[in-house]
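Have your viewer ready and your selection tool at hand. We will take in the whole chain before stopping at a handful of residues.

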Amino acid sequence: MSRSTIFIGIASYKDPLLSHTVLHALEQAKDKSRIRFGVVDQCEPSSQWGRMDPAVARQIHYLWVDSLLARGTCFARALTHTLYHGETIYLQIDAHMHFPLHWDQWVEEVLLDRMAITPRCVVSSYPPSMVKDASGKWTIEGHPPQTVVTHRVNETATFGGRGIYLDFGAWAHHGRTEPIRGHHVAGGMMIAPGSFIEQFPYDPQLYYLGEEQMLALRLYTHGWTIWHPVDNPIGHRYNDHQNPEIRPVHWSDDPNGERPISHLVWENRSYQRQRYLVGLQGYGGVYGLGSIRTIQDFAAEFGVDYLRRSINYDIARSLPAEER
């Protein structure tokens, strides 16, 4: 990668921090000229991003979707992929993020470092929180240095009857100087070579729950590797009880029943599609699983068997053998 360019895909739903995320990323980048955004903004007509500063407009490919016609996270992420123009690095984030100085240099270096070991790879982890300090300024509330945050199935996770969805949580490993191989991605913070968009276009028929697991399975069965980085520096605004400024979410934001199609329709179709694709090992089309490795291989290595819908917690809770 000579002079890497970075495409940032952002799917936003009525997000008050969208412009902050885009403009702060540009402000904090070491090389602003190499950054390109693909923004899908799902909001009311009156809330569209208006006239942009000409100095940055050429770097922001913007697509507006009326929020009444929104169909969930994966539909919007699929649209961001249509705004890709061959950049060498793909960074997928949410619309509520905060960036350290020269974050683009870190993104490039961590990806190139891992590609030297596994050329087909994704670097991803649940990012640290972005919070407001006493003066009202956004800051990043990170972990101590030399921390890797991995993903593991929660203690109470069960398959139930919905798609392939399981609850995953974050697990912090301190005193680490190298990334750790994983089996789960964070949809809100992923770094990959630009070829990822060509090989793994987002499935617009998925909704939200199961998004990350379906993508992780696609990556694994196509022979790709997931890495969790050391000291992820990009902050994320989480929607929880500690944050009074709760942003809208698609699945609970139709109080007057104005949408032509309920989110429950998209959600149920998504669950059906997940079950369908998982049963088509090696033959699921462009959105399906690969044939280089199998679901059985995934279960043996990571303890989660999506085909039989069972979990070996002794394996699922542990690190890969070479990382213990």
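**The whole chain**

Start with everything selected and coloured by burial: of the 324 residues in the protein chain, 54% count as buried. Keep in mind as you look around that this is a predicted model.

Switch to a cartoon view next, and you can pick out nine helices and 16 strands in the protein chain. Now reduce the display to the C-alpha trace, which spans about 50 × 50 × 40 Å along its principal axes. How does the radius of gyration agree with that of a compact globule? With 324 residues, such a globule would have a value near 20 Å, and the protein chain has 19 Å, so the two agree.

If you have a contact map open, look at the pairs of residues at least 6 apart in sequence: 76% of these contacts join residues at least 24 apart. Then turn on the surface. The protein chain exposes about 14400 Å², and carbon and sulfur atoms supply 51% of that area. For a last global view, colour by charge: the 30 positive and 35 negative charges have mean positions 3 Å apart.

**Stop one: Arg181**

Select Arg181, which sits in strand β11, residues 180-182. Is this arginine buried or exposed? Arg181 has a relative accessible area of 18%, and the cut-off for buried is under 20%, so Arg181 counts as buried. Now add Glu301 to the selection and show both side chains: they make a polar contact at 2.4 Å.

**Stop two: Leu23**

Move on to helix α1, residues 18-28, where you will find Leu23. Leu23 is partly exposed, with a relative accessible area of 39%. Which residues does Leu23 touch, not counting those up to four places away in sequence? Show Trp49 and Val56, and you have the answer. While you are here, draw a C-alpha to C-alpha distance from Leu23 to Ile234: these two are 211 residues apart in sequence and 14 Å apart in space.

**Stop three: two positive phi angles**

Before the next selections, a reminder about backbones: most residues other than glycine have a negative phi. Select Gln146, in the loop between β8 (138-141) and β9 (147-153). Although Gln146 is not a glycine, its phi is positive, at about 65°. Gln146 counts as partly exposed, at 39% relative accessibility.

Then jump to Arg309, in the loop between β15 (304-305) and β16 (310-311). What is the phi of Arg309? The angle is near 55°, again a positive value in a residue other than glycine. Arg309 counts as partly exposed, at 30% relative accessibility.

**Stop four: Pro248**

Finish in the loop between β14 (235-236) and α7 (263-278), and select Pro248 there. With a relative accessible area of 28%, Pro248 is partly exposed. Bring up its contacts, leaving aside neighbours within four places in sequence, and you will see Tyr13, Lys14 and Asp253. One more distance to draw: from Pro248 to Ala55, 193 residues apart along the chain, the C-alpha separation is 30 Å.

Key
Residues are numbered from 1 along each chain as its sequence is written. This is a predicted model: local features need pLDDT of at least 70, side-chain atom pairs count only at pLDDT 80 or more; totals for chains, interfaces and linings use all residues. Side-chain values use heavy atoms; hydrogens and water are left out. Helices (H or I, at least four residues) and strands (E, at least two) are DSSP runs, numbered from the N terminus. Buried means under 20% relative accessible area, exposed over 50%, partly exposed in between (1.4 Å probe, protein chains only). A polar contact is a pair of N or O atoms within 3.5 Å; within protein, one must be able to donate a hydrogen and the other to accept it, and residues adjacent in sequence count only if both atoms are side-chain atoms. The radius of gyration is taken over C-alpha atoms; the globule rule is 2.2 Å times the number of residues to the power 0.38. Contact means heavy atoms within 4.5 Å. Accessible areas come from the Shrake-Rupley method with a 1.4 Å probe; for residues, only the protein chains shown count as cover. Lys and Arg count as positive and Asp and Glu as negative; His and the chain ends are not counted. The place of a charge is taken as NZ of Lys, CZ of Arg, CG of Asp or CD of Glu.
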